[in-house]
Amino acid sequence: MHNKVPSLCSLSPPLAGEIVAPPIPEYLKKVYWWAYLHPKAVHLFEREWLVNLILWGNYQPLCDAALADLRGAGQQRILQVACVYGDLTERLLGLMEPQSRLDVIDVAPIQLDNLQKKLAPDTRLHLHQQDSRSLSFAEGSFDRTLLFFLLHEQPEEVRRATLAEALRVTRPGGKVVIVDYHRPLPGHPLYLVMKMILGTLEPFALDLWRQEIRDYLPPTATLVSFAKVTSFRGLYQKIVIQP
């Protein structure tokens, strides 16, 4: 595994104080090596039809829901926290103005390499190897921050730190957009199936069935608004936070 992201035509010099190569978290190596760290995993999961199958045919609607709150007129700076299999990042770039900027962070170099390879060169795109718990960006650096199916993969203490950092780097009046799992409604035909799958393969995911994401926000956070909608009979949720 590489220590640095290969050079991009759009990659800016390291930011002041940026951690160039943070270590891969132990929980990620132990729990998610098969999905994000092994080269064969990237080869396997970088298929949009497979991502769509994992999400029971909801990949595009969930992307649409996220993008609806990321688009905006004029120059924007957007942060995507963690790479995503499929075409979400490509679609996001397609919505952005020529003068806008998209920063994508991930702690795994292999994921950043994969994202770079699947996207056409774009001077608006900047990749950073960073840990979501400790971002190098200044307070209020971004107009929009996206966390797409990330929080359910993190232990509670990491989830809390990630949300705190997302709020910190998003400007007042901006938006933090979260799309993730949610406890399905009683009688959902996939209730038991998803409980088994998540309980077996994603041991932190059922936290989002037991508690609201709002419960993981910093107790001192001052919010302008907090809005949640669910879809697919409650199995998925989108949250939009305005700090």
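## Helix H7

Start with helix H7, whose buried residues are Pro109, Ile110, Gln111, Leu112, Asp113, Asn114 and Leu115. Buried here means under 20% relative accessible area, against over 50% for exposed and in between for partly exposed, with a 1.4 Å probe and protein chains only. Helices are DSSP runs of H or I with at least four residues, strands are E runs of at least two, and both are numbered from the N terminus. H7 covers residues 109-118, and because 7 of its 10 residues are buried, the helix is largely enclosed by the rest of the structure.

What sits over those buried residues? The cover includes three helices, H2 (33-37), H3 (39-45) and H6 (88-95), along with strands S2 (101-106) and S3 (125-129).

## How far to trust the model

This is a predicted model, so to speak of local features a pLDDT of at least 70 is needed, and side-chain atom pairs count only at pLDDT 80 or more, while totals for chains, interfaces and linings use all residues. Residues are numbered from 1 along each chain as its sequence is written, and side-chain values use heavy atoms, with hydrogens and water left out.

The protein chain has a mean pLDDT (the predictor's confidence in each residue, from 0 to 100) of 92, and 91% of its residues reach 70 or more. Residues 1-13 are another story: their pLDDT is below 50, and the stretch has 34 contacts in the model beyond near neighbours in sequence. A contact means heavy atoms within 4.5 Å.

## Overall fold

The protein chain has 10 helices and 7 strands. Its C-alpha atoms fill a box of roughly 50 × 45 × 30 Å along the principal axes. The radius of gyration is 17 Å, which agrees with the value near 18 Å for a compact globule of 243 residues; it is taken over C-alpha atoms, and the globule rule is 2.2 Å times the number of residues to the power 0.38.

Buried residues make up 54% of the 243 in the chain. Of the contacts between residues at least 6 apart in sequence, 73% join residues at least 24 apart. About 11300 Å² is exposed, with carbon and sulfur atoms supplying 58% of it; accessible areas come from the Shrake-Rupley method with a 1.4 Å probe, and for residues only the protein chains shown count as cover.

## Cysteines

How many disulfides are there? Taking a disulfide as a pair of cysteine sulfur atoms within 2.5 Å, the count is 0. Cys63 is in no disulfide, and the nearest cysteine sulfur, that of Cys83, is 14 Å away. That 14 Å between the sulfurs of Cys83 and Cys63 is too far for a bond.

Both are tucked away: Cys63 is buried at 0% relative accessibility, and Cys83 is buried at 11% relative accessible area.
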